[in-house]
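Okay, thanks for coming, everyone. I have one chain to walk you through today, so let me put it up on the screen.

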Amino acid sequence: MPIYRCNQCGLITEDLNAPVGSKVPCARCAATTTVFDTVYYVEKLIERYTAAGRELNALKQATLQKAPQPIQPVSAATPSQPTESAPGNTRSSKQLATAEQHAPVRGWFAKRSIEANLDYSLVDTSGFFDDAAVQIGQGYRLFSELIDRVRYAYRNNQTWINLQLANLSQKDQQAITQLCRNLYKHTFFARYGYQKQEKVVNLTLQTALSIRQFFEGGWLEWYAFITLVAQLDERQRGFSCARSVKIVFPNEDLHELDVFVLPQNQPPICIECKSGEFRRDIDKYLRMRKRLGLERSRFIICAADLTDDECNGLSAMYELTFVNLESLGAHLQTLF
């Protein structure tokens, strides 16, 4: 029975009309695909499964022998490089996830007759969300295809993806496989495998809703949040912070703010995070900034896919501040 698996989109299907060994267009994405005999295909699949099992066992042994180094927050001056933890650093703890920590933020909104609904758990940094987000953000230009593929798979109810690395340099291949191994270790993927000969990463997606939300944009919120909090920690400046703040204005208009931080003795900083299309929301953000009474420099649109020139151009056109992952830290530094 003829069968094929598309290396581009991962589709596995029969093609009764195609001779074994021929090349046919994939029924899903039209990529050229080789047709195999089913028995031969299953034999090769078992061989690779066995090899992957051996590789996984070796990785587990290596992990037990050498613990991975923690990922550090990015620096404002050099956003692509890790920075040392400052005194009072709030990373890897539950100390932000309290009513007391959120009280100044709630009070700031209350003074303006705005109701703020706060979820304290969204700033709990004792898990791995913040670490993973920083690693993705620091290498986003390289990792963006992986994130896009995972997000596409979730939205189309696909359970796994294959990532082709053969066209990349060895250094980039190593960086991507290291990221995938780290994410798998911290349960962001249900399974991880790597076909060395073909240089293909095999990933099975995690079904947990929190993981899906992370890949669909939550990682960028975590990255912006940690970048801002890390700078305040380095300066030993007090602050109150919240994520995904749901606010209700006196006229009952409902809105959500991705990252909201109130530095001590300073006006708030609001960061809206966009890993996809945002242009249709510009007018909404302009009105939101004015209703909150924030200066344009303190109402920030962090769009992952914008270039520096696009950020500068949009910031000149609208009374908002547009940044990308590389320029976020540098802009925040100017606010303190």
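I'll go from the overall makeup to the helices, then the salt bridges, the cysteines and a couple of backbone oddities.

One thing up front: this is a predicted model, so please keep that in mind throughout. The protein chain has nine helices and 14 strands. Of its 336 residues, 46% are buried. And if you take the contacts with a separation of 6 or more, 61% of them are between residues 24 or more positions apart.

Let's start with helix α5, residues 170–185. It has 16 residues and spans 22 Å from first C-alpha to last, close to the 22 Å you'd expect at 1.5 Å a residue. Which of its residues are buried? Those are Q173, I176, T177, L179, C180, N182 and L183. And what do the buried residues of α5 pack against? On the helix side you have α3, which is 129–138, plus α4 and α6. On the strand side there's β7 at 160–164, β8 at 189–195 and β9 at 200–205.

Two of those neighbours, α3 and α4, also pack on each other, with their axes 6 Å apart and an angle of about 115°. That makes α3 roughly perpendicular to α4. If you want to find the contact on screen, α3 puts in Q135, I136, G137 and Q138, while α4 brings Y140, F143 and I147.

Now, the salt bridges. How many does a search of the whole structure find? The count is 12, and I've picked three to show you.

Staying with α4 for a second, R141 pairs with E326 at 3.3 Å, N to O. R141 is in α4, residues 140–155, and E326 is in α9, residues 325–334, so this pair ties together parts that are 185 residues apart in sequence. Neither end is tucked away: E326 is partly exposed at 34% relative accessible area, and R141 is partly exposed too, at 46%.

Next one: E216 and R212, 3.0 Å from N to O. This pair sits within α6, residues 209–234, and being four residues apart the two are separated by about one helical turn. E216 is partly exposed at 26%, and R212 is partly exposed at 27%.

The third is R289 with E319, at 2.9 Å, N to O. Here R289 comes from α7, residues 282–292, and E319 from the loop between α8 (308–317) and β14 (321–323), so the bridge ties together parts 30 residues apart in sequence. What I like about this pair is the contrast in burial. R289 counts as buried, at 9% relative accessibility, whereas E319 is partly exposed at 40%. And there's a network to mention as well: R155, R212 and E216 are joined by salt bridges that share partners.

On to the cysteines. How many disulfides turn up in a search of the whole structure? Zero. Take C273: the nearest cysteine sulfur belongs to C302, 5.4 Å away, and C273 is in no disulfide. C273 is buried, by the way, with a relative accessible area of 10%. Why doesn't C311 bond to C302, its closest cysteine by sulfur? Because the two sulfurs are 8.1 Å apart, which is too far for a bond; the cut-off for a disulfide here is within 2.5 Å. C311 is buried as well, at 3%.

Last bit: backbone angles. As a reminder, most residues other than glycine have a negative phi. Two residues here are worth a look on that score. T187, which follows α5, has a positive phi near 70°. You'll find T187 in the loop between α5 and β8, and it's partly exposed at 46% relative accessibility. The other is N265, with phi positive and near 65°. N265 is in the loop between β11, residues 254–263, and β12, residues 269–274. Buried or exposed, for N265? Exposed, at 77% relative accessibility.

That's what I had. Happy to rotate to any of these if you'd like to see them again.

Methods. Residues numbered from 1 in each chain as written. Predicted model: local features only at pLDDT ≥ 70, side-chain atom pairs only at ≥ 80, totals over all residues. Heavy atoms only, no water. Buried < 20%, exposed > 50% of the residue type's maximum accessible area, 1.4 Å probe, protein only. Salt bridge = Lys/Arg side-chain N within 4 Å of Asp/Glu carboxyl O. Expected span 1.5 Å × (residues − 1). Contact = heavy atoms within 4.5 Å. Axes fitted to C-alpha atoms, helices over the stretch in contact; angles between N-to-C directions. Parallel < 35°, antiparallel > 145°, perpendicular 65-115°, else oblique.
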